[in-house]
Each structure stands twice: as structure tokens, then as C-alpha cells.
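Please read the following with the structure open beside the text. The explanation takes one chain by itself and then turns to the interface.

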Amino acid sequence: MSMEVTAQNFEANAAKALRDPNLRKAMGIISGPMASRRVETARELPEFEALRDEGVKIKNHVLQHIDLYLEKFEQQLTARGGKLHWCRTPREARETVLALCRSRDAKIVTKGKSMVTEEIGLNDFLLEHGITPVETDLGEYIIQLAHEPPSHIIGPALHKTREQIADLFEEHHPDYELNGKKAGTRSTEPQVLVTEARSVLRDTYFRADVGITGANFLIAETGATVIVTNEGNGDLTQSLPKMHIAVSSIEKVIPTLEDLSTILRVLARSATGQEMSCYTTLSCGPKRAEDIDGPEEFHVVLVDNGRSEMLGTALQPLLRCIRCGACMNNCPVYHSVGGHAYGWVYPGPIGAALDPHMIGLETARHLPNASTFCGKCEEVCPMRIPLPDIMRHWRELAHEQQITPPLQRWGIEAWAFAAKHPWLYRLGARVAIAALKLLGKDKGRIASLPLASGWTDGRDFPAPQSADTFMSQYKKRSH
Amino acid sequence: MSSIDSKPRVALFVTCLVDLFRPSVGFATLKLLEDAGCVVSVPEAQVCCGQPAYNSGDRKDTVAIARQVIEAFEDYDYVVAPSGSCGGMIKDHYPALFAAEPDWQRRAEDLSARMFELTSFLVDVLKADPVAAKLEAKVTYHDSCSGLRELGVKAQPRALLGSVEGVELVEMQTPETCCGFGGTFCVKYGEVSTDIVTRKTADIAGTGADMLLAGDMGCLLNMAGRLKREGSSIQVRHVAEVLAGMTDMPAIGESK
Ligand code: SF4
């Protein structure tokens with residue numbers, strides 16, 4: 001089983017999120033400081049827009065020749081002693097990872113941050129088979145303790161407040177000692193919490209039999225996988241155990257190291273507003289005789305999971321995504337409801353565009369609809385992915401395939417019928433605004449409209465200025 | 001420019017929300033265009049640009065409505081709308097609707113080239129003289145999403161407001177952030193929409209302005225609805241009313 005899907009309950013999820021004071025506090029950080037840091041670092045780099053264009057070009061080129069670049073990647077990886085495992089489905093990927101872990105008789109595996117392993121539901125699967133995965137990215141570690149899925153693609157625990165994290169640590173680290181002393185009173189200071197997580201995790205790195213990471217990029221010319229982190233946890237995860245497995249997906253391949261440096265320059269700026277992330281680590285195969293450390297075995301598990309079907313369709317631009325998170329950091333809907341409301345691995349605008357393909361339009365039908373089409377996501381997306389257009393594409397399919405609820409479909413078709421017959425439209429309009437005008441008579445606004453309670457529960461409805469439309473007033477004036 | 005007296009012949013695209021909710025914005029737009037030397041017509045065959053159908057995924061009806069609009073506005077030098085949203089629909093999205101019909105696509109592109117949002121038409125195309133209006137007010141301006149991102153409307157309304165005697169403009173912290181209207185979104189996902197507009201009204205109130213202006217009726221109805229529910233005394237108006245000096249009508253959502 002992959003991660004539990006609750007996208008079909010978007011409305012209920014959103015309602016719950018809107019009533020969660022902790023979530024609201026946490027979201028303030030994303031919409032405020034995180035979004036504005038991106039603007040500042042982008043402004044400081046005059047060639048930022050040109051770099052975005054360059055990044056789009058690189059990705060478009062790769063997607064046109066993806067088979068060639070993946071083959072090249074495999075050749076180079078193999079030449080350096082690594083092994084590639086092609087996996088069409090999440091199940092194949094899980095089984096492959098499990099078999100690799102078993103070949104090492106693994107009991108504990110450490111994990112670096114990876115959205116693809118969320119996509120294939122790896123952690124639960126390993127647990128079911130007697131292997132304990134331990135997340136080493138601080139955010140992932142926190143939500144693992146809380147038994148929650150990530151709510152953001154680069155900050156999985158961004159929905160948690162410091163107080164909630166302190167509570168979790170208190171509950172899960174009862175015997176935590178620092179420098180041989182029992183730790184003092186509970187603290188909510190970020191630095192204290194980070195130190196605590198690090199010292200608890202440190203021991204695990206040495207006990208782990210296998211280290212599993214993701215990969216932000218696969219470099220075709222060298223066969224290297226690349227991870228980008230801020231904590232350095234990925235390096236320990238992949239270099240200490242005897243086996244390193246990088247789980248990634250096919251669209252992560254890029255031709256050269258030169259291309260990597262271009263895209264890295266927009267990635268961190270778009271993601272966290274840093275110029276560069278703290279650690280960019282390239283893995284170029286297992287330990288060689290002359291190396292002092294490194295894993296004995298290096299495997300790359302390459303997941304397709306519906307991606308190759310997107311090639312050559314309206315969805316292809318989504319394969320340019322570098323998972324930077326800028327679209328959600330800047331999305332007004334995400335700011336209101338957070339990531340869990342979207343109900344699957346990828347939240348925010350990228351999720352609204354991608355999830356219907358991955359989990360089915362019927363299940364995910366709310367996601368592309370729950371957008372104001374404000375266009376901010378497309379404005380900030382470093383890869384210039386036309387996210388609103390793709391959401392509209394899903395709305396069109398949902399309308400065509402009658403997945404949109406009947407009342408909504410008939411409503412819009414009835415309206416369109418009138419719009420195509422202006423005399424009918426004017427008649428309807430006259431009746432409607434006369435009624436609204438009457439309802440709002442003393443105040444110029446209406447406090448409650450049963451058919452539009454979605455509006456009037458939280459807002460007054462401004463009444464029309466006059467019972468006469470502009471068109472009819474204009475006609476009277478000019479005759 | 002094909003007319004005999006060489007005055008630009010402009011068709012007013014009223015927009016359905018102005019037609020229904022605030023005719024005074026239509027008259028303010030007429031006045032601004034005429035003051036700037038245009039000969040203005042209001043084609044009768046117009047209804048709506050089709051956006052509700054387009055954003056609901058009803059492509060077939062969208063195309064039918066777009067054909068109607070293209071035909072109704074064929075014979076004018078320019079088409080102007082007091083809205084960035086309808087303007088953006090016609091200018092930015094119409095041509096792509098006819099990818100499979102070259103003849104119609106040409107006509108859509110032709111309309112697209114002649115289509116403008118009101119303030120950008122006055123400033124960018126007509127390079128009109130400053131407006132003659134007066135208003136003692138501290139105002140703040142909300143950048144509507146489509147106008148801003150599809151048509152680049154940002155400096156134009158501010159430049160025009162700068163020429164209104166007595167107006168002081170104070171900026172919000174996030175004037176470019178969506179107000180949460182989103183067409184049918186505001187009813188389909190009413191709670192989320194209300195939450196988004198509540199962040200917006202907090203920002204508006206924080207400016208200390210006594211009037212909120214914008215160039216799109218959808219956003220204005222939404223923000224006015226929330227401000228009035230909050231009991232705010234901030235007046236909400238379409239920017240055209242201020243520029244045309246037509247602020248004697250009650251503000252949006254008010255009766256006096
Ligand atoms: S869609 Fe664009 S902004 Fe969103 S995560 Fe992907 S690359 Fe980043």
C-alpha cells in the first residue's frame with residue numbers, strides 16, 4: 001500500500017485544517033518569511049530569470065530524449081560499480097528495496113528525505129516486513145514520531161509548532177541525556193531541539209545496515225546521483241552503512257554537471273531563499289579500494305509510476321518539476337489549509353496538477369478545482385510549469401467524463417445556455433438582480449443567501465446598485 | 001485608426017458583473033474613454049466573456065461564447081473592459097481556444113490585439129492626460145490577479161490615481177496577493193475563500209486607508225463583503241469611479 005489517500009475528502013480536510021490553531025500558526029511562517037526570502041535572493045541575482053529559462057530548456061531537452069539519457073546514466077553508473085533497478089510500479093519498487101535490504105540481512109535502515117519513497121509507501125512496507133526505517137532528516141524524523149505524512153515537499157513537518165515538537169521529543173526520548181547528564185527541563189528552543197534529535201539519531205547511523213536516500217538529480221554523463229540538503233544527514237545516511245540505495249524517479253535525469261550547476265542556482269533560491277543549500281552531495285558509486293569510506297554496494301532504484309505515460313501529453317511540463325516547493329510556499333489556498341488537506345503525497349499547486357494523474361481524477365477531483373487561478377504558482381515556479389493550465393485541463397476532463405457533481409455541471413451548462421441567448425440572459429438577469437436588490441434594500445448588502453451560503457457564511461453579499469442593469473440604463477439614456 | 005475624424009472607435013466590454021451589480025462603473029468607464037477622446041459604442045450582443053464556463057471545465061460552451069464575443073466586437077479599433085479578469089480571458093486565453101480552427105484563431109488573435117483593460121488602455125495606448133478628478137481620501141489599491149499577471153496592470157492605475165487631486169495612496173504589505181474570490185471558487189470552497197479574504201482584509205485595515213480600490217468587480221464584491229461583515233467602515237470602490245470623479249453613489253455593499 002502506498003501512502004493513505006484522503007484527497008477525496010478535501011472539503012472536510014480543509015474544514016478541519018481551518019480550525020487547527022497550531023496549523024494556522026505554522027502556516028504563518030510559510031506565507032511570511034519563507035515566501036519573502038525567495039523574492040529577496042532572486043532579486044539579488046540579476047540573471048535569475050535567465051537561469052530559469054536555461055533550466056526550462058535543459059529539462060525540455062531531456063524530456064525529448066529521456067530514453068537516451070537514462071541509458072547513458074545506467075552505463076556510467078554500471079561502469080562505476082553501481083547497479084540500476086528499473087521499476088514500473090510502486091509495488092516493484094518496494095519489492096526491489098526489500099530484496100536488497102534482505103540481502104544484507106538488514107534490521108535497521110536509515111533514511112534521508114525522499115518524496116518518491118513516500119509515493120511508493122516504503123516505510124510501512126519495510127515495517128511490515130520486520131525492517132525498521134529511521135528517518136534522519138529532522139522534519140521527516142518529527143513526523144515519523146507523530147505518525148503523520150509530510151505536509152510539504154521540502155519541509156515535511158512545517159505544519160508542526162515548536163511546542164508540538166517539544167512534546168513529541170519528551171514523549172519519545174524519555175531517557176535522553178546530553179553529555180552524560182539527564183537533559184534539563186523541556187525546551188522549545190530550536191537549537192536545543194536540533195541537538196537532541198541529532199544525538200538521538202547519531203547512534204542509529206552506526207547501527208544501520210542500509211542507508212536509503214532520494215536523489216534530486218541523476219547525472220547522465222557521470223552516473224552520479226545528487227542530493228541537496230541542509231542538515232548533512234543524507235551524507236551520514238549514505239556513507240556509513242554497507243549498502244546505499246538511492247530511490248528516485250526517471251524525470252530526475254539531466255545530461256551534465258554543467259546543467260546541474262545551472263539548476264542548483266535556481267533550486268535553493270526558489271525553495272528556501274538560500275543561495276545554495278548547505279550540502280550538495282554527489283554519489284559516484286560504491287567505495288573503491290583506495291577510498292577511506294563509503295558503502296560497499298550502491299543501488300539506484302528508478303521508479304516510473306506513471307511518469308512515462310505523461311510524455312507527449314498536456315502533462316509533460318510537470319516532469320520539469322524540481323520539487324522546490326515554491327508553488328506551495330506562495331499559494332493562498334495552501335496557506336489556508338496546509339498540506340495534509342490535499343490528501344496525498346504532493347500538496348499545493350504541484351499536487352493539484354499531478355495527483356489526479358497519480359491517484360485518479362475521480363479521487364483527486366477537488367484538488368485542481370480548489371484553486372483561485374491566481375497564477376502566483378506559475379509566476380514563482382522556477383521551471384515555469386503552467387500549473388493553472390494543467391489544473392484547467394483536469395477540470396475539463398472532469399466535466400467531460402461527468403466526474404464533476406451533476407448539480408455543478410447542470411448549473412454551469414444552464415448558465416452557458418443563457419449566455420448564448422442574450423435575450424434569455426437579460427430576462428434572467430433582470431429577475432435575479434431585482435430580487436437581490438429587494439433583499440438588500442436598506443443596507444446595500446445581504447447577510448444570508450441560502451443558495452450561496454458558501455459566500456454568506458463568512459461575508460455579506462453586496463446588493464446590486466440598481467434593479468436596472470447597465471445595458472438597460474444605457475439604452476434608456478441613449479434613446 | 002479607421003474613423004473619419006481619426007478619433008479611436010472604442011467598444012466597451014461592460015463585463016457581466018458591472019452590468020448586474022454596478023452600472024455606475026460602466027458609466028464611469030464611458031466618461032473616462034470619452035474624456036480621453038474616444039468614440040465609444042456599447043455593442044448590444046455582449047453578455048459575458050465565458051470565464052465561468054472556461055474555469056469550470058466546460059470547454060464547448062466557452063468556445064461558443066467566445067465566438068459570440070469575437071463577432072460582436074469585430075468592427076472596432078479597440079475593445080476596453082473595466083476588468084483585468086475579462087480582459088485577460090479575451091486577450092490571453094481566446095486564441096488558444098481555437099487551436100484547431102485557423103480561421104477563428106486569426107479572428108481571436110485579431111481581437112486579442114485590440115483588447116485592453118481600462119487603466120492600461122488609458123496609460124499605455126492613449127497616453128492620456130492626467131484625469132481631472134478630485135477626492136480627499138486615503139486609498140489603498142488591490143492588484144487583481146489576472147490583470148497583474150496576464151496583462152501587466154500594476155503601475156497604470158497608480159499613475160492615474162496620482163493625478164487625482166487629494167488622493168493619498170498607501171500600499172498594503174501584499175497588494176499582489178489573491179483576495180480569494182476565484183470565480184465559482186468563492187462559493188464552492190466558501191470557507192477557504194473566506195479565510196483567504198480575511199488575511200486580505202487584515203492587510204487592508206492595517207494600511208489605515210479609508211477607501212479600498214481595485215479594477216475588478218469580482219475581487220471588489222468579495223473584499224467588500226468581508227469588510228462589511230467585519231463591520232469595517234472602509235469604503236470599497238472600483239478605481240474607475242474615482243478616476244471619473246463619480247463617487248457620489250454609495251460604495252459597494254453600502255446604501256448611503
Ligand atoms: S511545480 Fe515548480 S514551484 Fe512547484 S515544486 Fe515543482 S518546480 Fe517547484
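What follows describes a predicted model, beginning with the fold of chain B and ending with its contacts to chain A.

Chain B is built from 13 helices and eight strands. Its C-alpha atoms fit a box of roughly 50 × 45 × 30 Å along the principal axes. The radius of gyration of chain B is 18 Å, which agrees with the value near 18 Å for a compact globule because the rule is applied to 256 residues. Of those 256 residues, 63% are buried. Contacts in chain B also link parts that lie apart in the sequence: among contacts with a separation of 6 or more, 76% join residues 24 or more positions apart.

The interface comes next. Here 66 residues of chain A are in contact with 68 residues of chain B. Together the two chains bury about 5600 Å² between them, and carbon and sulfur atoms give 58% of that area. On the chain A side, A:Arg459, A:Gln465 and A:Phe470 supply 15% of the area that chain A buries against chain B, more than any other three residues.

Polar and charged groups also meet across this interface. Between chain A and chain B, 35 residue pairs are in polar contact, with both residues at pLDDT 80 or more. The residues of chain A that touch chain B divide into 29 nonpolar, 16 polar and 21 charged. Seven salt bridges are found across the interface of chain A and chain B. In a salt bridge between the side chains of A:Arg19 and B:Glu191, the N to O distance is 2.6 Å.

Conventions:
Residues numbered from 1 in each chain as written. Chains lettered and ligands numbered in written order. Predicted model: local features only at pLDDT ≥ 70, side-chain atom pairs only at ≥ 80, totals over all residues. Heavy atoms only, no water. Contact = heavy atoms within 4.5 Å. Buried area = accessible area lost by both parts, 1.4 Å probe. Salt bridge = Lys/Arg side-chain N within 4 Å of Asp/Glu carboxyl O. Polar contact = N/O pair within 3.5 Å; in protein donor to acceptor, adjacent residues only side chain to side chain. Nonpolar A, V, L, I, M, F, W, Y, C, P; charged D, E, K, R; others polar. Helix = DSSP H or I, 4+ residues; strand = E, 2+ residues; numbered from the N terminus. Rg over C-alpha atoms; globule rule 2.2 N^0.38 Å. Buried < 20%, exposed > 50% of the residue type's maximum accessible area, 1.4 Å probe, protein only.
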